[in-house]
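Reader: I should like to see how the descriptive terms applied to this model are justified. Please set each value against its criterion.

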Amino acid sequence: MFDGLIAFGHSIGSFLTPQSLFYVFASSLVGLIIGALPGLTATMGLALMTTLTLKMPSSQALLVLVCTYVGAIYGGSRSAILLNIPGTPASAASCLDGYALARQGHAGRAMGIATSGSVLGTLIGMFFLALFTPLLGDLALKFGAYEFFWLTVFGVVISGTLTGDDPMKGWMAGFLGLFVATIGQEAIYAYERFNFGNRDLAGGIALVPALVGAFGFAELLVVMKERQVPVKINPFDSVIPRVRDVLRYWKTILRSGCIGTFIGIVPGVGEDVAAWTSYAAAKRASKEPETFGKGSIDGLMAAETGDNACVPGAVIPVLTLAVPGSAPAAVLMAAMLIHGVQPGPMIMIQSPQFVYDVVAMMLFATLGILFYGLTLTKLMIRVLQVPQTVIVPVILVLCTIGAFAIAGRLFDVWVMLAFGIIGFILRQLNYPMAPLVLGIVLGDLMEKNLRRGLVLSDGDLGPFLTRPISLVLWLAIVLIIALKFDAVRNLFSRARAAVLGR
């Protein structure tokens with residue numbers, strides 16, 4: 001414990017330089033603007049910023065990305081409260097009570113609640129990030145090829161189950177991502193697959209251009225399809241958080257912080273699920289559930305605390321298992337790999353200081369959103385009035401440059417455009433994007449561990465099914481899938497009723 005505090009202090013000291021502080025406040029501002037603009041997501045912002053940080057030192061680049069991530073999730077509350085339009089999917093739950101408060105003339109108070117909830121939620125998640133990462137790192141050392149194979153399948157299945165209205169569509173999107181990951185040369189014998197004689201496809205689909213397309217260009221197509229409504233911003237009072245709001249709802253803050261962190265740890269679920277789950281838990285625990293959706297401070301505090309606590313929580317499996325907890329965390333993991341950081345079970349042995357560096361990055365990102373939440377809210381709200389005719393061309397240029405900058409290949413620009421069109425079509429058909437991204441990210445890990453496990457067991461599938469951790473994981477997968485069928489749910493209901501009847 002004492003060694004951890006020393007390492008954390010060293011990490012804070014390493015970022016207390018003028019250059020690092022400039023990056024903190026600049027990237028937090030960029031993230032906040034991305035989050036506040038409806039149609040732009042944290043995943044898209046991280047994908048674009050990754051391409052802009054390629055030439056930076058790894059620690060500075062990751063500091064920029066973490067601050068952008070935290071700022072974007074926080075920034076979504078601005079448009080949610082003032083316009084009833086969630087800036088990011090994670091802010092959808094904040095619309096219910098935030099906009100109601102704004103209509104009642106308490107927009108400033110609502111934004112103060114959102115600021116305090118976001119800051120405290122990130123701090124709670126940051127605490128668990130520092131606490132759990134070393135512990136899970138030790139547990140992850142017990143994972144072998146068999147366990148990692150089932151963990152990747154579990155991540156895709158649980159992401160597809162929880163991130164959309166139809167689990168089948170989520171699973172289809174996830175396994176489409178797994179298929180995309182198999183394009184190109186396979187890992188052991190470099191045999192070319194699914195490239196159709198195209199030499200560019202032989203190298204596989206690069207992750208960042210695919211993500212820029214699926215979350216950047218696709219978002220632009222959605223924005224252009226929908227007609228822009230003239231923005232009318234509600235007048236608001238002081239945005240300074242009220243101390244009594246924090247003290248009165250301390251149980252909500254702690255509960256939502258823990259829920260958000262836990263959901264962040266679950267692979268591929270994300271901040272929007274954390275916000276809705278925290279909101280539902282607060283409503284069940286409230287003595288005044290009828291006020292939820294009509295301007296409840298408790299509901300707004302729960303939603304904002306939950307989604308921001310999910311950010312550090314989603315980084316925990318990235319560091320310990322190399323499995324992202326959300327779509328933005330998948331981009332962050334890709335950026336770590338690009339900058340030479342190898343997350344996974346060995347990180348506490350090879351780079352223990354890096355874990356505390358990430359915790360320190362979260363702390364500085366929290367300071368960034370607190371500063372802007374208290375000082376520049378009224379000025380930054382004007383960003384919401386920027387017309388689409390200005391925003392769309394700028395983002396399109398950034399998407400194109402970002403896709404090209406990774407390897408300097410025109411082919412990657414075509415990949416970006418193709419995935420943008422695919423992402424747009426899937427959105428129109430109500431397919432969730434998070435499982436698709438998780439499938440692309442985890443596909444290589446799943447295939448390598450499947451083949452490695454088969455080599456170790458000489459082709460025997462037994463270890464995949466009988467080793468303790470593998471057994472738990474595949475049984476959990478079967479149970480999750482089975483419970484989505486009405487016949488199985490009815491069977492469980494009848495069995496439960498029979499047991500209770502006795």
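Author: The exchange below takes the chain as a whole, then two helix pairs, then one loop residue. The model is predicted.

Reader: What makes the radius of gyration of the chain agree with that of a compact globule?

Author: For 502 residues, a compact globule would have a radius of gyration near 23 Å, and the chain has 22 Å, so the two agree. Along the principal axes, the C-alpha atoms fill a box of roughly 70 × 70 × 55 Å. The chain contains 24 helices and two strands.

Reader: What share of the residues is buried, and what share of the contacts joins residues at least 24 apart?

Author: Buried residues, those under 20% relative accessible area, amount to 57% of the 502 residues. Of the contacts between residues at least 6 apart in sequence, 78% join residues at least 24 apart.

Reader: Why are α3 and α10 called oblique to each other?

Author: Helix α3 (residues 42–52) and helix α10 (residues 207–225) pack at about 130°, their axes lying 9 Å apart. Roughly perpendicular covers 65 to 115 degrees and roughly antiparallel requires over 145. The angle of about 130° falls under neither term, and α3 and α10 are therefore oblique. Their crossing is left-handed. On the α3 side the contact includes Thr-43, Met-44 and Leu-48, and on the α10 side Val-208, Leu-211 and Phe-215 are among the residues met. The residues of this contact comprise seven nonpolar, four polar and one charged.

Reader: Why is α4 called oblique to α17?

Author: The axes of helix α4 (residues 58–83) and helix α17 (residues 352–375) cross at roughly 45° and come within 9 Å. Roughly parallel requires an angle under 35 degrees, and roughly perpendicular begins at 65; α4 is therefore oblique to α17. The crossing of α4 and α17 is right-handed. Residues of α4 in the contact include Leu-62, Val-66 and Tyr-74, while those of α17 include Phe-354, Met-361 and Ile-369. By class, the contact holds 11 nonpolar and three polar residues, with no charged ones.

Reader: How do you know whether His-339 is buried or exposed?

Author: The relative accessible area of His-339 is 13%, and buried means under 20%; His-339 is therefore buried. This residue is placed in the loop between α15 (327–338) and α16 (347–350).

Reader: Which residues does His-339 contact, leaving aside its neighbours within four places in sequence?

Author: His-339 is in contact with Thr-53, Leu-54, Met-56, Ser-58 and Ala-61, its neighbours within four places in sequence being left aside.

Key. Residues numbered from 1 in each chain as written. Predicted model: local features only at pLDDT ≥ 70, side-chain atom pairs only at ≥ 80, totals over all residues. Heavy atoms only, no water. Axes fitted to C-alpha atoms, helices over the stretch in contact; angles between N-to-C directions. Helix = DSSP H or I, 4+ residues; strand = E, 2+ residues; numbered from the N terminus. Left-handed = near helix turned anticlockwise from the far one by under 90°. Contact = heavy atoms within 4.5 Å. Nonpolar A, V, L, I, M, F, W, Y, C, P; charged D, E, K, R; others polar. Rg over C-alpha atoms; globule rule 2.2 N^0.38 Å. Buried < 20%, exposed > 50% of the residue type's maximum accessible area, 1.4 Å probe, protein only.
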